[in-house]
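This report covers the charged side chains of one protein chain. It follows their pairing, their cover and their place in the fold.

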Amino acid sequence: MAVWARQVSRWCCLLNTARTVEFPRRLRSRGCPARACREFAPQAVLPAGKEVLMCRLQTYRQVSIGSCSPPDNAKGESFSSPESNLPSIQQEQAKAETLPDLNAKILDEDWDDILPSSALEVISEEEAVQIIAEPLLPIQSSTLRDYVDHSETLAKLVHLGVDLSQVEKRQKAGQLLLTLDFEKDVKKILLFLKDVGIEDNQLGSFLTKNPYILGEDLEALETRVAYLKSKKFGQSEIAQMVSRAPYLLLFSVERLDNRLGFFKNELGLSVKKTKDLVIRLPRLLTGKLELVKENLQVCQIELGFQRNEIQQIVYKTPKILTASKKRLKQTFDYLHNIMGIPHSMLTRFPQVFNSKLLRIRERHMFLAFLGRAQYDPAQPSYIPLDQLVSLPDEVFCTEIAKASMQDFENFLKTL
């Protein structure tokens, strides 16, 4: 009976205290034997119904006076009062083990879990100085500058010379960079660009113009370079094209092939001349073909050039294909209708279309003022069109106009 009573008393006491106290693995309390406090676990099945309730009540009363005593009848008979059974209780105290005093201070030297420090805990000044507060990551910002301190990718791109103020102006470029890992995503693209021929001092400028290449698949980029090599473009030529047209490698092999075929067929050029054309102006492969088609129609229909003349003009001066239509027509009108330059002469010196109309106008008027505006190669004192527009002002005055720089400046003031 003493063993059964000990088990029931332990279970009841644990039930009453488990709501407020969670015991550690080892408890040491004043006046409590170590063996009695080692562990608490219910080891007996209690009667059901009213018998359980009465058992808990009787046990509670007995615990309150320092001991636990078994009921006289496990079948539901009434318990006698503590006062009448005091001698028997004293006898059982010698046999029953004493429960620990739960109000005593618990010392635990072997706790597995250490409670976290409280935010209200007082710390010393030395500890406070050692606390490093991490800067907060902006939830939303209109500039990438706010994220540089939080992103290894952005910090290293800035070190390479990338201008983030220009990158963030490009659609979704900023969001792309924030999602990239430098070691996993960016580093391999940088090594690829160096293999293509982009110099270290060109990487910053290149990525500023085309940050989207950092999100491209490396295998796809290598395939596009392999295609250009299959078309007999040399390593240095590919490096030059990629450097001058940063978006070139964003185009698939199919698009690049279609672009090369367009210029070959539309202009009637040979394969070699087509290749030379795009090497000198690789932007033709990445620009809008609609603008190219419109300029070809302007040259043929509005300016009156023949197809073979257009081939020569475009091959010598590819920029005419991407020039402004308005500027192209204004320059032709002044050269042909005011200065009297024929189509054959313009075909021979098409670089004149790349010059500013203001420069052509000022120098022609100065030569006309001096009586030296002679552009016919069959006449004496002939002035080639390329020298008219390409020479610096000092050289133009002394060698072409046969006048001083001061004379030219004084003339310009009269305009």
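Helices (H or I, at least four residues) and strands (E, at least two) are DSSP runs, numbered from the N terminus. This is a predicted model, where local features need pLDDT of at least 70, side-chain atom pairs count only at pLDDT 80 or more, and totals for chains, interfaces and linings use all residues. Residues are numbered from 1 along each chain as its sequence is written, and side-chain values use heavy atoms, with hydrogens and water left out.

**Overall make-up**

The chain has 21 helices and zero strands. It has 415 residues, and 35% of them count as buried. Buried means under 20% relative accessible area, exposed means over 50%, and partly exposed lies in between (1.4 Å probe, protein chains only). The exposed area of the chain is about 26,100 Å², with 51% supplied by carbon and sulfur atoms. Accessible areas come from the Shrake-Rupley method with a 1.4 Å probe; for residues, only the protein chains shown count as cover. Contact means heavy atoms within 4.5 Å. Among contacts with a separation of 6 or more, 70% join residues 24 or more positions apart.

**Salt bridges**

Side chains of opposite charge can pair when their charged atoms come close. A salt bridge here is a side-chain nitrogen of Lys or Arg within 4 Å of a carboxyl oxygen of Asp or Glu. The structure holds ten of these salt bridges. Three of them are listed below.

| Pair | N to O distance |
|---|---|
| Lys156 and Glu152 | 2.9 Å |
| Lys231 and Asp257 | 3.9 Å |
| Asp393 and Arg363 | 2.7 Å |

Take the Lys231 and Asp257 salt bridge. Lys231 lies in the loop between helix 10 and helix 11 (235–244), and Asp257 lies in helix 12 (residues 253–267), so the pair ties together parts 26 residues apart in sequence. Lys231 is partly exposed at 37% relative accessible area. Asp257 is partly exposed too, at 36%.

Asp393 and Arg363 also form a salt bridge. This pair links distant parts of the chain, with Asp393 in helix 20 (residues 393–400) and Arg363 in helix 18 (residues 357–370), 30 residues apart. Is Arg363 buried or exposed? Arg363 is buried, with a relative accessible area of 1%. Asp393 is partly exposed at 26%. Elsewhere, salt bridges that share partners join Glu152, Lys156, Glu183 and Lys187 into one network.

Within that network, Lys156 and Glu152 sit four residues apart in helix 5 (residues 152–160), so about one helical turn separates them. Lys156 is partly exposed at 30% relative accessible area, and Glu152 is partly exposed at 40%.

**Charges without a salt bridge**

Asp185 sits in helix 8 (residues 182–196). Asp185 is buried yet has no salt bridge. The nearest side chain of opposite charge is Lys188, 5.0 Å away. Lys and Arg count as positive and Asp and Glu as negative; His and the chain ends are not counted. The place of a charge is taken as NZ of Lys, CZ of Arg, CG of Asp or CD of Glu. Leaving aside residues up to four places away in sequence, Asp185 touches Thr179, Leu180 and Leu214.

Asp195, Asp217, Glu219 and Glu222 form a negative surface patch. Patches are made of residues with over 30% relative accessible area and no salt bridge, with like charges joined within 9 Å. Asp217 is found in the loop between helix 9 (200–209) and helix 10 (218–230). Asp217 is partly exposed, at 46% relative accessible area.

Technical notes:
Patch = residues over 30% accessible without salt bridge, like charges linked within 9 Å, V, L, I, M, F, W, Y side chains within 5 Å.
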